[in-house]
Amino acid sequence: MRCGDFRQSYAEDMSLFDSPLPRVLLAGLLAFLLVLPQFSTTYWLDVLNRIFIAIIAAAGLNVVTGYTGLISLGTAAFLAVGAFTTAALAGKAGLPFVVVIPLSGLLTAMIGLVFGIPSLRLKGLYLAVATLAAHYIVEFTVSHWDHMTGGVNGISIPAAQFAGIVLKDDRGIYYLIYPIMVGLLFFTKNLFRTKTGKAFVAIRDQDISAEVMGVDVFRYKLLSFAISSFLIGVAGSLLAYQARIISPENFPITLAIDYLGMVIIGGLGSIVGSIFGAIFITLLPEMLRLATDALGNQWPGLMVIVAPIKTGVFGLVVILFLIFEPDGMAARWNHIKAYWKLYPFSY
Amino acid sequence: MEFFLQLLLNGIVVGSIYSLVGLGFVVIYKSTSVLNFAQGEFLVLGAYICLTLTVQYHVPFFWSFLLTLAFSALMGILTERIILRPMIGEPVISLIMVTLGLSSLLKAIIQGVWGTELRPFPDIFPAEPVKIGPLPVSQGYLISLASVAVLLVIFTLFFKFTRAGVAMRATAFSQQVSLSMGISVKRIFALAWSIAAVVSAIGGVLLAGIRGGLDGAMAFFGLKVIPVVILGGLDSIAGAIVGGPIMGILENLAGGYLDPLVGGGAKEVAPFVILVLILGFKPYGLFGKIKIERV
């Protein structure tokens with residue numbers, strides 16, 4: 001039985017798991033999620049797929065906003081770039097998904113770099129405003145470039161296929177999204193154990209001191225934008241494969257605000273926080289829908305106001321978290337973990 | 001030529017309302033360093049309250065307008081007291097996010113109470129157009145332009161000569177010094193938010209009067225004011241006054257001449273393209289205070 005948290009070397013301090021139990025629990029969870037589709041209904045499978053996609057994009061936003069301290073309102077735009085690139089590459093060029101998904105990510109990373117350039121001169125508010133402009137410019141482009149994006153009518157995407165395997169239904173696409181999500185989360189988690197990730201955190205905490213200590217702020221800010229947009233682009237690509245039909249209306253500015261909300265509610269600068277935030281914000285409308293379905297018999301008027309209730313609850317939750325728990329759900333999670341880690345002998 | 005003049009006039013009128021709402025942005029930013037993303041919802045909420053009082057409760061327009069202003073002032077104070085005050089000293093991202101959360105909350109209230117369909121706004125302006133040279137100009141435009149001009153003069157005088165105005169400028173200059181001179185910074189913050197809410201409500205009523213109708217989509221106006229205040233300089237009241245008409249004219253010209261080429265939407269996106277250009281070349285705007293902090 002453990003009675004304390006002793007770390008005797010730097011390697012130990014940097015390790016992902018500080019005891020064998022979390023490793024076992026995580027492996028169990030991953031295995032459980034692997035077999036889950038065999039027992040799940042199509043509805044919940046669809047919800048799970050959307051949660052996983054949201055987790056990838058939220059982790060991407062957290063890289064730039066939570067870890068590097070650059071506020072981005074461009075998430076919806078980058079998701080759109082990834083999704084419409086996939087539509088073009090898979091639909092028009094007929095490429096398999098093993099090529100399409102990385103290419104979509106890379107193209108989004110390049111677009112992200114273009115809009116990341118203002119971040120070299122601008123900070124805080126000004127950067128938020130620049131990414132806001134990026135959102136509207138991308139939205140204008142995708143809704144007017146008709147022969148590439150289908151314009152306002154949207155465009156349909158063929159089922160993901162590779163070497164004769166066609167992932168037609170929700171179950172098939174689950175086995176595409178799930179491993180990609182796990183892989184990217186491990187990548188992101190490990191990123192912050194490397195020199196690059198630590199440079200990001202140094203820029204967030206104090207950019208001028210970071211530069212004095214030899215961090216190339218210029219390079220790392222751009223790199224952070226690129227990695228973040230890559231993750232968001234991959235999420236957008238998976239979104240296109242999962243939804244099968246996309247239009248510019250799927251990527252409104254409120255989506256970007258939803259993602260910022262995920263990162264705030266989950267916890268800035270925390271991968272596990274991105275997971276919690278993504279689950280919470282994706283489940284919120286589903287839960288409200290289930291609740292109104294159940295109560296709809298008594299109050300038929302309830303169905304009409306589901307959309308405003310969702311927006312209102314979202315706004316309220318964000319405000320309450322910011323005022324009462326600015327470190328998000330991840331902070332609560334850490335409290336709980338710390339309590340149980342040394343459970344019977346906490347002193 | 002007539003088309004050009006018409007666009008120019010539209011631009012100046014819409015731009016003057018930009019200036020008015022932009023003034024609200026600048027007042028909040030200057031004194032509290034918060035960029036208020038909920039400004040558009042303040043605007044819509046004010047217009048809806050005026051509409052409801054006039055149409056449903058048959059209050060004469062003048063009184064319902066005054067009641068709207070009183071309500072907006074109260075809402076501004078409450079917003080500051082309940083939501084913004086606990087956030088003092090938090091990082092920029094939290095400040096941005098809290099106003100975005102506020103904007104979602106207000107949007108939900110607006111949608112829940114008034115729905116999403118377009119409602120006709122009472123005719124507050126005489127319908128007959130006036131001829132200026134060859135150009136027929138609607139009276140609504142002229143009245144709106146004149147009232148904005150009067151308001152901007154009043155606010156300029158307020159900041160220059162009244163006790164509260166000078167105290168606000170002092171707070172914007174340095175909170176610590178103002179505190180030591182006996183200025184209640186908390187009260188100044190509340191005043192800034194109520195001024196912002198009031199000017200937004202006036203802008204909302206004028207805009208709804210010009211359009212003749214009102215729906216939640218008008219909140220987009222609040223986001224379009226951001227390029228205006230960045231153009232003028234976020235912390236400059238003169239910048240907001242000058243930036244409004246410039247942006248209004250530019251977006252109307254873009255809408256008039258580019259829309260046929262690109263198939264619509266140029267008017268909405270033009271301010272944001274201009275915004276990117278300004279941020280690239282002159283990030284602190286025309287009149288903004290240049291803070292030298294490069295990384």
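Put chain A and chain B together and about 3,800 Å² of area gets buried between them, with carbon and sulfur atoms giving 80% of that. Keep in mind as you look around that this is a predicted model.

Which parts of chain B make up its side of that interface? Helix 3 (61-84), helix 4 (92-114), helix 9 (220-232) and helix 11 (266-281) of chain B each bring at least two residues to the side that touches chain A. Helix 4 of chain B gives the most, with 15 residues on that side. Sort the chain B side by class and you get 33 nonpolar, 10 polar and four charged residues. Counting contacts, 47 residues of chain B meet 41 residues of chain A.

How many salt bridges are there between chain B and chain A? The count is zero. Polar contacts come out the same way on paper: the rule finds zero residue pairs in polar contact across the interface of chain B and chain A, where both residues have to be at pLDDT 80 or more.

Now for the open spaces. The second largest pocket has a volume of about 1,200 Å³. It has 44 lining residues, and those nearest its centre are Y136(A), A217(B), F220(B), K224(B) and E268(B). If you want to find the pocket from the chain A side, go to helix 6 (residues 124-144) of chain A, which provides the largest share of the lining, seven residues. By class, the lining of this pocket has 24 nonpolar, 11 polar and nine charged residues.

Next, the enclosed spaces. Two cavities of 30 Å³ or more turn up by the rule used here. The largest cavity has a volume of about 60 Å³. Around the largest cavity sit V27(B), K30(B), S31(B), F159(B), M168(B), R169(B), A172(B) and I237(B). Helix 1 (2-32) and helix 6 (163-173) of chain B are the elements that give two or more residues to this lining. In class terms, the lining of the largest cavity has five nonpolar residues, one polar residue and two charged ones.

The second largest cavity holds about 40 Å³ of space. Its lining is made of A76(A), A77(A), A80(A), H135(A), V138(A), E139(A), V142(A), P248(A) and F251(A). Which helices of chain A supply at least two residues of that lining? They are helix 4 (75-92) and helix 6 of chain A. Helix 6 of chain A gives the most to the second largest cavity, with four residues, and you have already met this helix as the source of the largest share of the lining of the second largest pocket. By class, the second largest cavity is lined by seven nonpolar residues, one polar and one charged.

Methods: Residues numbered from 1 in each chain as written. Chains lettered and ligands numbered in written order. Predicted model: local features only at pLDDT ≥ 70, side-chain atom pairs only at ≥ 80, totals over all residues. Heavy atoms only, no water. Contact = heavy atoms within 4.5 Å. Buried area = accessible area lost by both parts, 1.4 Å probe. Salt bridge = Lys/Arg side-chain N within 4 Å of Asp/Glu carboxyl O. Polar contact = N/O pair within 3.5 Å; in protein donor to acceptor, adjacent residues only side chain to side chain. Nonpolar A, V, L, I, M, F, W, Y, C, P; charged D, E, K, R; others polar. 1 Å grid on protein atoms, 1.4 Å probe; cavity = no way out; pocket = protein on both sides within 12 Å on 5 of 7 lines; lining within 4 Å. Points joined across faces, edges and corners; volume = space filled by probe spheres on them.
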